[in-house]
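User: Hey, can you walk me through the ring contacts in this one? I'd also like to hear how the chains sit together.

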Number of protein chains: 2
Amino acid sequence: MSKTTIAIADAQYLIRVGLRHLIEGFEQFEIVGEAGCEKELLEVLENHSPNVVILDYQQPKNFDISSIEKIKSTSPKSKILVISGDNEKENIYNVVQNGVSSFLTKSCDEEEIINAIKATAKQEKFFCNKILNFILEKSFAKPEDCSLIPLSPREIEIVRLVVDGKIAKEIASELNLSTHTIYTHRKNIMNKLELKSTSELVLYAVEKGIVKSPV
Amino acid sequence: MSKTTIAIADAQYLIRVGLRHLIEGFEQFEIVGEAGCEKELLEVLENHSPNVVILDYQQPKNFDISSIEKIKSTSPKSKILVISGDNEKENIYNVVQNGVSSFLTKSCDEEEIINAIKATAKQEKFFCNKILNFILEKSFAKPEDCSLIPLSPREIEIVRLVVDGKIAKEIASELNLSTHTIYTHRKNIMNKLELKSTSELVLYAVEKGIVKSPV
DNA sequence: ATCCTTATTTAAACTAATTCCAAATAATTT
DNA sequence: AAATTATTTGGAATTAGTTTAAATAAGGAT
């Protein structure tokens, strides 16, 4: 069984030493390069195409989010394991979207780091619990409490039908109301929510969970 | 340090035996009950409030998705670890949305099962790789290749503006075109996509990644 | 108990958006 | 060269939607 080759990309010397020390305790791992900045890293990648690249992208001037794309184009077979102290959800979503295999925070312990490297090398994914919770939050955020939506039950009913693509006439006939009633409701809805168009209303409804997200 | 108490809820006798055998190999775990159907399970929960409930919800007549809600209301402190052979993404999303802590498939190996139990007992979450990939797919699906969308570049441009809430007149002035041009484009778009309303178009655009999802 | 606010309902007159039909030009494919 | 697709436009007819105004009912506040 051949060894898992690893490159360490971190601007901080001490982190590199720590990772090296930790990883060298496992026979199946082999560190083929260390890099303190992007230029160094790309050189390592060209020469070794390691199985796993351990990266902290959050180091201005040395590495940043765009480094991920560069790693992928320089060494497409290398899997990326991020270890970052980043706390910005948007950044993290962006990085996950970018297709890294694994994501740890700097507070993870030895066991998690080793498990993450193993999973990454096996082409699997690994996210530490904090990141996993962020991901779940994005995917499975509880629909907001409808009581937080400043719309009356009737109005919400009408929003659903509007989002369903129905025009005032159809909604009126479905609810046995005058079309004028629907127009009034709709105007009130738009005023309350400060929206200007049906499109915005549809997006609002999806966002607030009034209707099921198409995605 | 007190033991992690576990209840096993699975209609299949052999699975229960297998789990029991596996779990009993670890001193820190203690099985406080086994259940082959929902009624038995609720009894176990009332008597023991175990830290972890291992459940296969996909067993008609014995357990189903609604069992999860019942577990949570009967024993709110128990964390739920699902082990299921379910392959329906919609089901799985539904279950994860319902707030289970962990989700394994029946093809997971011993190490994963034990890691999952440990994580669940620590109030953490654990998803095996297959489930994790489903979850990532839900929120981080790559925008579909625009070449798969049967719209011309101009049409896509107009879809974006429509979704942005702009009406024909505004779009026309933005693109220096006649409003009639916009109407024609929009009609063609609707015909091509077999859509009947602006709302459907907005949802289509979100779904296909033509515009960024609001969620 | 009365007042006030919000929710719900409706209409007439008006304005604006949209569709239908028809067609021209340019670019691409066959 | 012919056919298809993409892009553009206009006039007439239709339809949807806005504005303004108002009535009824329900619930909360004083």
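Analyst: Sure, starting with Phe26(A): this residue is partly exposed, at a relative accessible area of 22% (buried is under 20%, exposed over 50%, partly exposed in between, with a 1.4 Å probe and protein chains only). Bear in mind that the model is predicted, so local features need pLDDT of at least 70 and side-chain atom pairs pLDDT 80 or more, while totals for chains, interfaces and linings use all residues. Side-chain values use heavy atoms, without hydrogens and water, residues are numbered from 1 along each chain, and chains are lettered from A in the order written.

User: And Phe29(A), buried or exposed?
Analyst: Buried, at 6%.

User: How many aromatic pairs over all chains?
Analyst: Six. Phe, Tyr or Trp rings (six-membered ring for Trp) pair with centres within 6.5 Å; planes under 30 degrees apart are stacked, over 60 edge-to-face, the rest tilted. Phe26(A) and Phe29(A) are tilted because their planes sit at 45°, with centres 5.9 Å apart.

User: What about Tyr57(B) and Phe103(B)?
Analyst: That pair is edge-to-face, 6.2 Å centre to centre with 80° between the planes. Both residues are buried.

User: Switching topic, what lies over the face of Tyr93(A)?
Analyst: Lys138(A), at 5.0 Å from the ring centre. In chain B, the charged end of Lys138(B) is over Tyr93(B), 4.9 Å from the centre. The cut-offs are NZ of Lys or CZ of Arg within 6 Å of the ring centre and within 35 degrees of the ring normal.

User: How does chain A lay on chain B?
Analyst: By a turn of 179° and a shift of 0.1 Å along the axis, with an RMSD of 0.6 Å (least squares on C-alpha atoms with pLDDT of at least 70 in both). The two copies are thus related as by a two-fold rotation axis.
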